[in-house]
Amino acid sequence: MGGVRGRGRPSVVAGIAAVMVLSAVPVLDTAASAASAAVPAAATDTAELTEARQALADAKETGARVEVTGERSERTTVYANPDGYSFTLEESAVPVRAAAPGGGWQAPDATLERRADGTVAPKASAVEMEFSGGGSGDPLVRIEKGGRSLALGWPEKLPVPELDGSSAVYREVMEGVDLRVIASTEGFRHLLVVKTPEAAANPELQQVDYVLKAEGLKVVKGAAGDLAAVDADGKRVFSAPPAQMWDSAGAPEAVETAEVPASPAAAAFGA
């Protein structure tokens with residue numbers, strides 16, 4: 001497990017000081033989007049083959065394609081075609097379903113809810129993700145995919161967050177400054193909201209240190225200031241664009257970052 005530290009510089013006016021986005025990186029087979037085959041790739045055992053053949057028969061009889069439900073994944077859907085012998089695989093750039101507890105699938109839902117252990121998490125997401133429920137024992141955000149994870153830590157004790165849809169707001173992490181984390185179904189965004197000119201003048205905002213810890217991943221910085229968390233084979237699992245900051249008028253401008261652009265003063269990581 002390793003860690004990196006980031007620095008963020010605040011906006012000089014009241015408003016959103018910075019934003020970091022972390023998301024998981026999808027693996028898309030673009031050629032498969034319109035591919036046809038004799039049977040779906042996974043239809044190797046008797047049960048799956050029977051379902052596929054039945055779908056072909058139904059599609060030929062009705063003249064409309066029929067989904068092979070056993071072939072569903074987070075991003076892919078397989079249909080039997082009305083010609084009676086081929087299949088079409090459709091693959092989405094974003095999750096169209098999420099794994100349900102106990103098996104099966106459910107619609108993705110980034111609405112945050114409190115768990116029994118006090119942490120906060122989306123109702124249904126394509127990656128394992130949890131936010132701090134307050135205090136100093138847990139990281140601000142932890143995101144995991146395929147047994148590999150990233151954890152983003154806030155340097156001080158956090159208040160209990162206020163939840164509003166997909167947002168968790170940690171009030172007054174500094175005087176006049178709120179910390180907001182916004183979930184999606186495959187990642188999160190992280191913002192520091194500076195509410196007054198006096199808060200923007202706080203010298204503590206000149207450098208905010210975070211800790212980014214990786215397990216089974218290596219975090220690397222791109223030439224454009226973006227971040228990528230790669231596995232042992234060099235494949236990107238999570239990625240984050242360069243951090244930004246803007247004033248209350250909403251006009252973004254580039255953020256100068258020090259050691260890592262994931263200067264978690266503002267960033268978004270995700271799948």
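Which strand gives the most to the lining of the largest pocket? I looked this up first, in a model that is predicted. Strand 9 does, with four residues.

**Entry: the pocket**

I took the volume next. The largest pocket holds about 340 Å³ of space. I then listed the elements that give two or more residues to its lining: strand 8 (109-114), strand 9 (120-124), strand 10 (128-131) and strand 11. The lining has 20 residues. I asked which of them lie nearest the centre, and got A99, R115, K123, S125 and E128. I also sorted the lining by class. Nine residues are nonpolar, three are polar and eight are charged.

**Entry: from strand 11 to strand 12**

Strand 11 is among the lining elements, so named here as my way into the sheet pairing. I traced strand 11 (residues 141-145) and found that it pairs with strand 12 in the antiparallel sense, over five bridges. I checked one contact: R142 has A151 of strand 12 as its bridge partner. The two strands make a hairpin, and two residues sit between them. I looked at the turn as well. G146 there has a positive phi of about 60°.

**Entry: the other partner of strand 12**

I followed strand 12 (residues 148-153) onward. Strand 12 and strand 17 (residues 210-215) run antiparallel, joined by five bridges. Here I noted S149, whose bridge partner in strand 17 is E215.

Is strand 12 mostly covered or mostly open? I counted five buried residues out of its six, and I logged the strand as mostly covered.

Key. Residues are numbered from 1 along each chain as its sequence is written. This is a predicted model: local features need pLDDT of at least 70, side-chain atom pairs count only at pLDDT 80 or more; totals for chains, interfaces and linings use all residues. Side-chain values use heavy atoms; hydrogens and water are left out. Buried means under 20% relative accessible area, exposed over 50%, partly exposed in between (1.4 Å probe, protein chains only). Two strands pair if DSSP finds at least two bridges between them. On a 1 Å grid over the protein atoms alone, a cavity is a set of points where a 1.4 Å probe fits but cannot get out, and a pocket is an open set with protein on both sides within 12 Å along at least five of seven lines; lining residues have an atom within 4 Å of a point. Grid points are joined across faces, edges and corners, and a volume is the space filled by probe spheres set on the points. Ala, Val, Leu, Ile, Met, Phe, Trp, Tyr, Cys and Pro count as nonpolar, Asp, Glu, Lys and Arg as charged, and the others, Gly among them, as polar.
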